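Biologist: Please choose one part of this model and take me through it closely, residue by residue where that helps. I would like the reasoning behind each assignment, and a word on how confident the prediction is.

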Amino acid sequence: MLNGYAARTPRRIDPETQTALAERAFAGKGLLVLVGDRQVTDPDEEIELTLGTEVTFLKLVPLVGG
């Protein structure tokens, strides 16, 4: 127990389902992918990953209020 809360039980994640969700989010502009110092805009683009390359996935959400 951490900070008085019981940890959730682990669950199996279906990689095919998660891949489909990520592809839909990327196509719908709900996901931003950064590789190194640039943004990936084409899901079919081949990227060379070397040791130490930083890959960042950002989920975009609309702001509420105004």
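Modeller: Let me begin with Asp 44, which counts as exposed because its relative accessibility is 67%, above the 50% beyond which a residue is called exposed. The model is a predicted one, and Asp 44 is placed in the loop that leads from strand S2 (38-40) to strand S3 (55-59). Between the C-alpha atoms of Asp 44 and Gly 30 there are 17 Å in space, for a separation of 14 residues in sequence.

As to confidence, the mean pLDDT of the chain is 87, and 94% of the residues score at least 70. Confidence is highest in S2, at 93, and lowest in helix H1 (residues 15-27), where the mean is 90.

Next to Asp 44 in the numbering comes Glu 45, which makes a salt bridge with Arg 38, with 2.6 Å between the closest N and O atoms. The structure holds one salt bridge. Its two residues can be taken in turn: Glu 45 has a relative accessible area of 28% and is therefore partly exposed, while Arg 38, at 36%, also counts as partly exposed, because the values for this class lie between 20% and 50%.

Arg 38 also leads into the sheet, since in S2 this residue is the bridge partner of Val 35. The sheet is open and has three strands in the order S2-S1-S3, with antiparallel pairing. S2 and S3 are the edge strands, and because each of them has a single partner strand, one side of each is left without a neighbour in the sheet. From one strand to the next, the twist averages 30°. As a general point, strands of a sheet pair through backbone hydrogen bonds, and the pairing may be parallel or antiparallel.

The two pairings of strand S1 can be followed separately. S1 (residues 31-35) is joined to S2 by three bridges, and these strands run antiparallel; S1 and S2 make a hairpin with two residues between them, and Gly 36 in this turn has a positive phi of about 65°. On the other side of the order, S1 pairs with S3 over five bridges, again in the antiparallel sense.

Val 33, a residue of S1, shows both pairings at once, as it stands opposite Val 40 in S2 and opposite Phe 57 in S3. With a relative accessible area of 10%, Val 33 is buried, because the limit for a buried residue is 20%. The strand as a whole is mostly covered, with four of the five residues of S1 buried. Val 33 and Lys 59 are 26 residues apart along the chain, yet their C-alpha atoms are separated by 8.9 Å.

Phe 57 brings us back to the surface, as this residue helps to make a nonpolar surface patch of about 370 Å² together with Ile 47, Leu 49 and Val 55. Of these, Leu 49 belongs to the loop between S2 and S3, and its relative accessibility of 54% is why Leu 49 counts as exposed.

The approach to S1 from the helix deserves a look as well. Gly 28 lies in the loop between H1 and S1, and with a relative accessibility of 53% Gly 28 counts as exposed. Gly 28 and Ala 6, which are 22 residues apart in sequence, are separated by 36 Å from C-alpha to C-alpha. Lys 29 is placed in the loop between H1 and S1 too, and is likewise classed as exposed, its relative accessibility being 67%. The backbone of Lys 29 calls for attention, since its phi is near 65°, which is positive in a residue other than glycine. Most residues other than glycine have a negative phi.

Notes. Residues are numbered from 1 along each chain as its sequence is written. This is a predicted model: local features need pLDDT of at least 70, side-chain atom pairs count only at pLDDT 80 or more; totals for chains, interfaces and linings use all residues. Side-chain values use heavy atoms; hydrogens and water are left out. Buried means under 20% relative accessible area, exposed over 50%, partly exposed in between (1.4 Å probe, protein chains only). pLDDT is the predictor's confidence in each residue, from 0 to 100. A salt bridge is a side-chain nitrogen of Lys or Arg within 4 Å of a carboxyl oxygen of Asp or Glu. Two strands pair if DSSP finds at least two bridges between them. Axes are lines fitted to C-alpha atoms, for helices over the stretch in contact, and angles run from 0 to 180 degrees between N-to-C directions. Patches are made of residues with over 30% relative accessible area and no salt bridge: like charges are joined within 9 Å, nonpolar side chains (Val, Leu, Ile, Met, Phe, Trp, Tyr) within 5 Å. Accessible areas come from the Shrake-Rupley method with a 1.4 Å probe; for residues, only the protein chains shown count as cover.
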